[in-house]
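Got your viewer open? Here is a tour, one selection at a time.

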Amino acid sequence: MKRVCTFLLAVSVLIQLQAYAADIHVSPAGKDTNPGTRELPMATPAAALRQARELRRLHDPGAKGGIHIIIHGGTYRLYEPVFIRPEDGGTPESPTIIEAAPGEEPVFSGGQAVSGWKKLDYNVPGIQPAARQHLWVAELPYNQLSLSGFRQLWINDVKAVRARDRNGDSLNRILNWNKADESCVVPLPKALRNGSIQGLEMTIQQWWAVANLRVATMQAAGDSATLHFFQPESKIQSEHPWPAPWLSKETGNSAFYLSNAIQLLDEPGEWYYDISTRKLYYWPRTNEQLHTAVAVIPELETLMRIEGTPESPVTDVHIRNISFAHSGWIRPSQQGHVPLQAGMYLLDAYKLKQPGTAAKAGLENQAWIGRQPGAVTLRYAQHCSITGCNFEHMGATGLDLKQGTRYDTIAGCLFRDIAGTGIQAGVFSEEAYETHLAYDPTDERELCRDILVTNNLVNRVANEDWGCVGISAGYVRDFHITHNEVSEVPYSGICIGWGWTKAVNAMRNNSVYANKVHHYARHVYDVGGIYTLSAMPGTVISENYINDIYKAPYPHDPKHWFYYYLDEGSAYITVKNNWSPADKVMRNANGPGNQWENNGPMVADSVKINAGIQANYKHLLKKIIPVTDNQPINH
């Protein structure tokens, strides 16, 4: 812990730096032709960054003590990501600080507002007669977003639901899956017996993940229907062995729901977008008045990029008290989405007819993966920090430290209402690199290392892609996850590691310390409050609080839930002094050198008290929205 404390002290000094010499003000009411003073602010963060860049290029004496970009309150509708380049970075003595004006709440939004709502007063093919009287419609303008579509809608920053056949958390179960002809047999919803299925999607739960499959054809036969799917997801879904659809008389077949058909729009809070007519249909909830409501659809997938190169990283940039909101992700609507794990989607995957590779004798499958976009991304960024920021209403990953980040800090942030993972870091596998191969690059500048993720609240993330997690780290080194709180997630809380390998790789000396993980596994199992993969010498998991595992309604195995889960290849990891109500753990195909010491209900109460968010960040806990569905807990 001495190393962590020293690191914390250095970061604390950095965060408290207040020597601003050049102030640039930005306001939604400003103009980019303004000089950027308090009285005459600029209008966009991009313009302010350009001015800051010029100050540094010209060695302006005013920038000697740093550049302070002050963002005033209001919503900034971005048409492209805010791009912070090496030229925008600073030094420890002259940092670049981008932060909210005191007491104000700026929002960087990747969304487009929807206006012009009208009560639906005419017949639309497919809409159920009982629904029509409740629906409102808005015609979107002719632009790239209306032509490509979107997967989320927020009304007054509350996510609406794409029209689906089963409401709430209720799911149906498949009747059969035929891998040979890449088809699935399902009970036929009454609403889909007539009308078009253009745009229809199937979301299927399979072990520890869910897949999104675009339906190409639906052949009805009595009370059931056979579904075929579009490529490329059809082939991947039927060829990849893990995680695959399951057929089980004991626990029931894989659960699923169908969505994105106008016939399924049947309750308040649901919406459907007809891409051919550019018309958006919505059934308002009882407390929503669309004449005055703020309706937003996501246009951008990434809102901010902090990106350098190995030779020229971005340095000493600090983002403070900014809200990031309304990001999307359209790939599932164009190519489907079949994940391997933690939201990493498969590009190709199949079972080997003859097991074994040069790297792993018993390996029986191959897989190549892609990565979901992050709303805020860091790549080759050093000595940077993101503190006190809000990440909400997002269609994929919240914050992603992708590659080459070092000496960075993520502290005191809120991650909530995110479709995918809240915080993600490190290389997992490049698209051309088979995912079971150990990653250990010759150029260590590629690694995410010496990172501190601390005192963040991660709540209600992965609310669309149920196989995503609260905090996920791949091949990282000297990576410290401390004093965070993760709750209300569908799968695992904190995951670290990748590769399913005992071989030497880039990971080592990581710590997962004093976190609070509770109310997890809402939907899928094969789960742990804290989960690891592969060898990572010197890694310590200690003094965490793990509790309240939900009874998932449709698990592949009702008993496959754990407080700690050391999965395949996990080696040289110390797990000690963690509190949980029982010593229910999974050690699956572990490597050597793991040490288990004093974990379970006998651990001192001081561990429970100390775990989670610390005193200076307790205000974050007020942002937790209580859950009212009374889903039962495992005991």
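How many cavities of 30 Å³ or more does a search of the whole structure find? The search finds 1. Before you select anything, note that this is a predicted model, where local features need pLDDT of at least 70 and side-chain atom pairs count only at pLDDT 80 or more, while totals for chains, interfaces and linings use all residues. Residues are numbered from 1 along each chain as its sequence is written, and side-chain values use heavy atoms, with hydrogens and water left out.

**Stop one: the cavity**

A cavity here is a set of points, on a 1 Å grid over the protein atoms alone, where a 1.4 Å probe fits but cannot get out; lining residues have an atom within 4 Å of a point. The largest cavity has a volume of about 60 Å³, volume being the space filled by probe spheres set on the points, with grid points joined across faces, edges and corners. Select Gln341, Ala342, Phe428, Ser472, Ala473, Tyr491, Cys495, Ile496, Gly497, Trp498, Tyr531 and Leu533 to show the lining.

Now colour the strands (DSSP runs of E, at least two residues; helices are H or I runs of at least four, and both are numbered from the N terminus). E40 (471-473), E43 (494-497) and E46 (527-533) each supply at least two lining residues, and E43 gives the most, with 3. By type, the lining has 9 nonpolar residues, 3 polar and no charged. For that split, Ala, Val, Leu, Ile, Met, Phe, Trp, Tyr, Cys and Pro count as nonpolar, Asp, Glu, Lys and Arg as charged, and the others, Gly among them, as polar.

**Stop two: Thr539**

Next, pick Thr539 in strand E47 (residues 535-542). Is Thr539 buried or exposed? It counts as buried, at 1% relative accessibility; buried means under 20% relative accessible area, exposed over 50%, and partly exposed in between (1.4 Å probe, protein chains only). Leaving out residues up to four places away in sequence, Thr539 touches Arg508, Asn509, Asn510, Tyr572, Ile573 and Thr574, where contact means heavy atoms within 4.5 Å. Draw a distance from the backbone nitrogen of Asn510 to the Thr539 side chain: a polar atom there lies 3.2 Å away.

From that contact list, click Tyr572, which sits in strand E50 (residues 571-576). Tyr572 has a positive phi of about 60° although it is not a glycine, and at 40% relative accessibility it counts as partly exposed.

**Stop three: aromatic rings**

Rings of Phe, Tyr and Trp (its six-membered ring) pair if their centres lie within 6.5 Å; planes under 30 degrees apart are stacked, over 60 edge-to-face, and the rest tilted. The count comes to 22 aromatic pairs. Try Trp329 and Tyr345: the centres are 5.8 Å apart and the planes at 35°, so this pair is tilted. Both Trp329 and Tyr345 are buried.

Then go to Phe391 and Phe415, with centres 4.6 Å apart and planes at 10°, so they are stacked. Phe391 is in strand E33 (residues 390-394) and Phe415 in strand E36 (residues 414-418), 24 residues apart. Add Tyr76, Phe108 and Phe324 to your selection, and you have the cluster that ring pairs make with Phe391 and Phe415.

**Last stop: two cis bonds**

Zoom in on Gln231 and Pro232, joined by a cis peptide bond with omega about 15°. The bond from Trp242 to Pro243 is cis too, with omega near -15°.

Key:
On a 1 Å grid over the protein atoms alone, a cavity is a set of points where a 1.4 Å probe fits but cannot get out, and a pocket is an open set with protein on both sides within 12 Å along at least five of seven lines; lining residues have an atom within 4 Å of a point. A polar contact is a pair of N or O atoms within 3.5 Å; within protein, one must be able to donate a hydrogen and the other to accept it, and residues adjacent in sequence count only if both atoms are side-chain atoms.
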